[in-house]
Amino acid sequence: MSTEKAVKVLLVDDEDAFRQALAKRLERRRMEVFQAADGNSALEALKAFPANVVVMDVKMPGMDGLETMACIKRDFPDTEVILLTGHAAVEDGIAGIRAGAFDYLQKPVETEDLLNKIRQAYDKSRHHHDLAKEAELREALEKQMATAERLASLGTLAAGVAHEINNPLAIISEAAGYLQLLLEKDECKEMPFHDRFEKAIGKIEKSVKRARRTTMQLLGFAGQPDAVYREIELDDLVEEVILLAAGQASAAGVTVVKEKNPNSAALWTDPHRLRQVLINLVSNGIAACGRGGRVSLSFDSSNDWATIQVKDTGHGIPKENLERIFEPFFTTKPPGKGTGLGLFVSLDIIKRLGGDMQVKSKVGKGTIFQVSVPRLSKTCPGVCNDIDWREKARELERRDNHGTGAH
Ligand SMILES: Nc1ncnc2c1ncn2[C@@H]1O[C@H](COP(=O)(O)OP(=O)(O)OP(=O)(O)O)[C@@H](O)[C@H]1O
Ligand SMILES: [Mg+2]
């Protein structure tokens, strides 16, 4: 029978001859049988051999059958136990059932009776197992749903907070600019503490920039309504990202390059968001590299998917952090340097574009982030929005170089 074939039985009895004879009979019925001569060895054996059913003598020297069963029930709850009792020891059997045994049989044992019992116990243990699996699955699903809900409400909250903060930020920034203008006027040139005022204004502007980065990330995560799709070339996108990252890269002494890709491909996606993701990844790569480090971008495509890899020669991500890097606000950067939102927002964007993101990292060697997005086609809903990205990138770079240089 096919069920018999899969049944794993552990026989526990201190009488060698009896145990071996019984084992042979069960094996002939195509059961997988292991043996143990006492309670302790039985518990050891179960660790290596997760039996579905344990057939065990009650009277054994050392730890008896009832004690051993208590340990089995505690450590291997899916395993069922059938007790073998002496001829006139019905009380032992009843005590066993009370303590959780599947059933008991009196010695001498009829093979057919034992086989039937084992089969029934096996069915029960499988049922247990399935219930446990189902509970595990349900728990995982509930966790996932709770996380999704938490993220959704975090998104709404984040967008609200970002909007609220952006307005006063704009006012602070404008006022700081105005003060800077005043300071530059001739009448103020000789003003006492002129330098200190200038420095303080510089600090205000730098902090406003940083706060703006956080709000922009948050809005990128939650604030944008629908994606704006258009056709782009992978090659153009990657070149544009490299151009945009040039300022940060040269300040850090890191080279950002495109690996040779003979076949560029067109895809239909939201270039703004995809670009935001790639810039986040490249920026992380640069930050992870010391001077002389290298960040390289490559891409590939199949009929349905476009993949882009961002690879760096940086310090890598320790295993314990790998599970956390996509959490909001998780950062290992010094206080005030990182928002810890880059990857969280990026993963969200990629998921919304119907794609996925994977990471592989080796401490001391470097990290590879791989983004996959569906290539889709022009028939997808969206607005065609033709902007000259190279010009836009140059403009942003000019603006960045013109600024205070704070990153
Ligand atoms: N390429 C990488 N190499 C090594 N560590 C990385 C890399 N990318 C991300 N990390 C780790 O993941 C953390 C989270 O990254 P994430 O982009 O979300 O935030 P951040 O970079 O710390 O802050 P921000 O993006 O605002 O600058 C980083 O602080 C870093 O520890
Ligand atoms: Mg980052």
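The following exchange examines how terms such as buried, salt bridge and paired strand apply to this predicted model.

Me: What makes up the protein in terms of helices and strands, and how much of the protein is buried?

Reply: The protein holds 13 helices and 12 strands. Of its 407 residues, 39% are buried. About 23,100 Å² is exposed, and carbon and sulfur atoms supply 54% of that area. Among contacts between residues at least 6 apart in sequence, 70% join residues at least 24 apart.

Me: Why is the contact between Asp-13 and Lys-107 called a salt bridge?

Reply: The closest N and O atoms of Asp-13 and Lys-107 are 2.9 Å apart. The cut-off is 4 Å between a side-chain nitrogen of Lys or Arg and a carboxyl oxygen of Asp or Glu, so the pair qualifies. In general, side chains of opposite charge can pair when their charged atoms come close.

Me: What makes this pair a tie between separate parts of the chain?

Reply: Asp-13 lies in the loop between β1 (8-12) and α2 (16-28), whereas Lys-107 lies in the loop between β5 (103-106) and α6 (111-184). The pair therefore ties together parts that are 94 residues apart in sequence.

Me: How do you know whether Asp-13 and Lys-107 are buried or exposed?

Reply: The relative accessibility of Asp-13 is 2%, and that of Lys-107 is 16%. Buried means under 20%, so Asp-13 counts as buried and Lys-107 does as well.

Me: What makes Asp-13, Asp-57 and Lys-107 one network?

Reply: Salt bridges that share partners join Asp-13, Asp-57 and Lys-107. The count for the model comes to 19 salt bridges.

Me: Why do Asp-16 and Arg-19 count as a salt bridge, and how are they placed in helix α2?

Reply: Their side chains meet at 3.0 Å, N to O, which is within the 4 Å limit, so the pair satisfies the criterion. Asp-16 and Arg-19 are three residues apart in helix α2 and are therefore separated by about one helical turn.

Me: Why is Asp-16 called partly exposed, and what is Arg-19 called?

Reply: Asp-16 has a relative accessibility of 42%. Partly exposed covers values between the limits of 20% and 50%, so the term fits Asp-16. Arg-19, with a relative accessible area of 7%, is buried.

Me: What makes Glu-240 and Arg-275 a salt bridge, and which parts does the pair tie together?

Reply: The closest N and O atoms of Glu-240 and Arg-275 are 3.1 Å apart, and the limit is 4 Å, so the pair is a salt bridge. Glu-240 lies in helix α9 and Arg-275 in helix α10 (residues 271-288), so the pair ties together parts that are 35 residues apart in sequence. Both Glu-240 and Arg-275 are buried.

Me: Why are β7 and β11 said to stand at the edges of their sheet?

Reply: The sheet is open and has five strands in the order β7-β9-β10-β12-β11, with mixed pairing. β7 (255-258) and β11 (356-362) each have a single partner strand, so one side of each is left without a neighbour in the sheet. The twist averages 15° from one strand to the next. Helix α9 (residues 234-252) packs on the sheet and touches β7, β9 (294-301) and β10; its direction makes about 170° with that of β9. Helix α12 (residues 342-352) lies across β11 and β12, running at about 140° to β11.

Me: How do you know that β10 and β12 pair?

Reply: Eight bridges join β10 (residues 305-312) to β12 (residues 366-374). Pairing requires at least two bridges, so these antiparallel strands count as paired. Lys-311 has Ile-368 of β12 as its bridge partner, and Val-310 stands opposite Phe-369.

Me: What makes β11 a partner of β12 as well?

Reply: β11 and β12 are joined in the antiparallel sense over seven bridges, and at least two are needed, so they pair. Met-357 stands opposite Val-371 in β12. In the hairpin of β11 and β12, three residues lie between the strands, and Gly-364 takes a positive phi near 85°.

Me: Why is β12 described as largely enclosed?

Reply: Seven of the nine residues of β12 are buried, so the strand is largely enclosed by the rest of the structure.

Me: Why is Leu-157 called exposed, and with which residues does it form a patch?

Reply: Leu-157, found in helix α6, has a relative accessible area of 55%. Exposed means over 50%, so Leu-157 meets the definition. Leu-157, Val-161 and Ile-165 form a nonpolar surface patch with about 250 Å² of accessible area together.

Technical notes: Residues numbered from 1 in each chain as written. Chains lettered and ligands numbered in written order. Predicted model: local features only at pLDDT ≥ 70, side-chain atom pairs only at ≥ 80, totals over all residues. Heavy atoms only, no water. Helix = DSSP H or I, 4+ residues; strand = E, 2+ residues; numbered from the N terminus. Buried < 20%, exposed > 50% of the residue type's maximum accessible area, 1.4 Å probe, protein only. Contact = heavy atoms within 4.5 Å. Areas by Shrake-Rupley, 256 points an atom, 1.4 Å probe, with all protein chains shown as cover. Axes fitted to C-alpha atoms, helices over the stretch in contact; angles between N-to-C directions. Patch = residues over 30% accessible without salt bridge, like charges linked within 9 Å, V, L, I, M, F, W, Y side chains within 5 Å.
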